[in-house]
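Hello,

Here is the structure we talked about. Please open it alongside this email; my notes follow below.

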Amino acid sequence: MTDTGSYTVRVSNSYGCTKLSNPVALSFAAIPPSWVNANGPLTFCAGNSVTLKTAAGYTYQWYKYGNPIVGETARSLIVNSSGNYKVVVTNASGCTKKSGNQIVNVLNNPSAIITPSGPTSICVGDSVKLNASTGSGYTYLWKRYG
């Protein structure tokens with residue numbers, strides 16, 4: 001049955017005897033909405049995060065790579081590691097719906113190391129060359145006293 005209503009059935013046997021069943025009421029609850037929005041980019045540098053959020057007024061279970069994230073049952077989830085995230089939303093009637101995947105990609109920060117070419121305690125008028133770590137696509141901004 002796919003329609004709300006009160007249903008009965010009349011059963012007859014080969015002798016012509018019949019019996020009417022007790023009525024059974026069927027009602028259908030709506031499937032909850034299940035979507036995920038991010039409050040920023042899904043690709044970002046290590047040390048940052050993004051908040052994933054879904055519809056209000058339900059109960060929730062967040063998943064990473066298809067596995068439930070223990071204790072993550074709030075409407076929103078703060079994510080600071082790479083992964084494939086989704087949420088299962090449940091309404092008061094027990095109907096559930098799984099969201100689509102949100103893929104979060106956390107990028108490694110570049111190495112930031114200064115290597116002096118000689119001693120760092122020098123006399124006035126002398127110099128020492130400071131070398132920064134190198135890498136493809138790196139840009140540099142030197143600062144004195146932070």
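**Pocket lining**

The lining of the largest pocket breaks down into nine nonpolar residues, three polar and no charged. Keep in mind that this is a predicted model. The volume of that pocket is about 230 Å³.

Which residues line the largest pocket? One stretch of the list is P110, S111, A112, I113 and I114. A132 and S133 are also in the lining. Y138, T139, Y140, L141 and W142 complete the list.

**The aromatic pair**

Two of the lining residues, Y138 and Y140, come up again here. How many aromatic pairs does a search of the whole structure find? The search finds one. Y138 and Y140 form it, and the geometry is edge-to-face. Their ring centres are 6.5 Å apart, with 70° between the planes. An angle over 60 degrees counts as edge-to-face, so the pair gets that label.

Are these two tyrosines buried or exposed? Y138 has a relative accessibility of 30%, so it counts as partly exposed. Y140 is at 43%, and is partly exposed as well. Both values lie between the 20% and 50% cut-offs.

**S82**

Next, a serine in a loop. S82 sits between strand 10 (76-79) and strand 11 (83-90). Its relative accessible area is 29%, so S82 is partly exposed.

Which residues does S82 touch, leaving out those up to four places away in sequence? They are K64, Y65, V104, N105 and V106. Take V104: it is 22 residues from S82 along the chain, yet the two C-alpha atoms are separated by 5.0 Å. With V106 there is a polar contact. A polar atom of the S82 side chain lies 2.7 Å from the backbone nitrogen of V106.

**N91**

The other loop residue to look at is N91. It lies in the loop between strand 11 and strand 12 (96-98). Is N91 buried or exposed? N91 is buried, because its relative accessible area of 13% is under the 20% cut-off.

The N91 side chain reaches the backbone nitrogen of S93, at 3.0 Å. Beyond residues up to four places away in sequence, N91 touches A30, P32 and Y58.

**Where to look**

For a quick tour, begin with Y138 and Y140, which are both in the pocket lining and form the aromatic pair. Then go to S82 and its polar contact with V106. End at N91 and its side-chain contact with S93.

Best wishes

Definitions and conventions: Residues numbered from 1 in each chain as written. Predicted model: local features only at pLDDT ≥ 70, side-chain atom pairs only at ≥ 80, totals over all residues. Heavy atoms only, no water. Helix = DSSP H or I, 4+ residues; strand = E, 2+ residues; numbered from the N terminus. Buried < 20%, exposed > 50% of the residue type's maximum accessible area, 1.4 Å probe, protein only. Contact = heavy atoms within 4.5 Å. Polar contact = N/O pair within 3.5 Å; in protein donor to acceptor, adjacent residues only side chain to side chain. 1 Å grid on protein atoms, 1.4 Å probe; cavity = no way out; pocket = protein on both sides within 12 Å on 5 of 7 lines; lining within 4 Å. Points joined across faces, edges and corners; volume = space filled by probe spheres on them. Nonpolar A, V, L, I, M, F, W, Y, C, P; charged D, E, K, R; others polar. Phe/Tyr/Trp six-rings, centres within 6.5 Å; stacked < 30°, edge-to-face > 60°.
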